[in-house]
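Biologist: Could you take a close look at one part of this protein for me, the nonpolar core and what surrounds it? I would love a connected walk through it rather than a table.

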Amino acid sequence: MNTAQLKQKTLTDTNQQDLIKGEFSPEDAMEIINHLFSEKINFHGMRSFSNKVRFGEIDHVSEARIVELKQSNIELNGVIKSAKSQGKTLKIESVVTMEII
């Protein structure tokens with residue numbers, strides 16, 4: 001695929017890439033999930049902090065997202081702990097989908 005074709009594809013198509021794909025031990029799954037959620041929580045925390053410093057206002061969207069992410073992380077950690085107690089592994093798949101709108 002040449003550059004022009006790639007540019008046209010990028011502008012018109014939805015692009016999907018595997019972020020996580022595989023079977024993991026509970027320990028590895030915990031590390032992967034906690035790291036991803038931690039990074040997203042930090043991103044939104046910094047975004048809200050920046051908004052507060054620059055404009056004197058909290059970014060309510062980021063603050064709400066932090067609450068959602070923390071709850072999701074707790075729930076997934078529960079699944080991982082359950083798998084560990086049962087001596088099982090976990091299949092994790094995460095796809096990033098991007099579309100120009």
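Modeller: Happy to; here is the core first, then one of its residues, then the surface and the charged pairs.

Please keep in mind that this is a predicted model. For orientation, the protein chain contains three helices and two strands, and these follow one another in the pattern α-β-α-α-β. The chain has 101 residues, and 20% of them count as buried. If we take the contacts between residues at least 6 apart in sequence, 73% of them join residues at least 24 apart.

Now to the part you asked about. The largest nonpolar core has twelve residues: Ile20, Phe24, Ala29, Ile33, Phe37, Ile41, Ile66, Leu69, Ile80, Ala83, Leu90 and Ile92. Two or more of these residues come from each of E1, helix H2 (26–55), H3 and E2, so you can colour those elements in your viewer and follow the core from one to the next.

Ile20 is a good place to zoom in. This residue sits in strand E1, which covers residues 15–24. Ile20 counts as buried because its relative accessibility is 8%, and the cut-off for buried is under 20%. Leaving out neighbours within four places in sequence, Ile20 touches Ile32, Leu36, Ile92, Glu93 and Ser94. One of these partners, Ile92, also belongs to the core. A further pairing to display is Ile20 with Val95: they are 75 residues apart along the chain, and their C-alpha atoms are separated by 7.0 Å.

Leu36, one of the contacts of Ile20, leads us out to the surface. Together with Leu19, Val96 and Met98, Leu36 makes a nonpolar surface patch of about 350 Å². Met98 lies in strand E2, residues 90–98, and is exposed, with a relative accessible area of 56%. For the chain as a whole, the accessible surface comes to about 7,900 Å², and carbon and sulfur atoms account for 55% of that.

Glu93, another contact of Ile20, brings us to the charged side chains. Glu93 forms a salt bridge with Lys91, at 3.3 Å from N to O. Both ends of this pair are exposed: Lys91 has a relative accessible area of 65%, and Glu93 has 52%. The count of salt bridges comes to five. Another of them joins Asp18 and Lys21, with their closest N and O atoms 3.7 Å apart; here Lys21 is exposed, at 60% relative accessibility.

One more salt bridge deserves a look, between the side chains of Arg47 and Asp59, at 3.7 Å from N to O. This pair links distant parts of the chain, since Arg47 is in helix H2 while Asp59 is in the loop between H2 and H3, twelve residues away. Its two ends fall into separate accessibility classes: Arg47 is partly exposed at 44%, whereas Asp59 counts as buried at 14%.

Arg47 also takes us to a last stop, Ser62. Ser62 is found in helix H3, residues 60–85, and with 1% relative accessibility this serine counts as buried. Beyond residues up to four places away in sequence, Ser62 touches His44, Arg47 and Ser48. To retrace the route, start at Ile20 in the core, step out through Leu36 to the nonpolar patch, and finish with Arg47, a contact of Ser62.

Conventions
Residues numbered from 1 in each chain as written. Predicted model: local features only at pLDDT ≥ 70, side-chain atom pairs only at ≥ 80, totals over all residues. Heavy atoms only, no water. Helix = DSSP H or I, 4+ residues; strand = E, 2+ residues; numbered from the N terminus. Buried < 20%, exposed > 50% of the residue type's maximum accessible area, 1.4 Å probe, protein only. Contact = heavy atoms within 4.5 Å. Areas by Shrake-Rupley, 256 points an atom, 1.4 Å probe, with all protein chains shown as cover. Patch = residues over 30% accessible without salt bridge, like charges linked within 9 Å, V, L, I, M, F, W, Y side chains within 5 Å. Salt bridge = Lys/Arg side-chain N within 4 Å of Asp/Glu carboxyl O. Core = buried A, V, L, I, M, F, W, Y, C linked by side-chain atoms within 4.5 Å.
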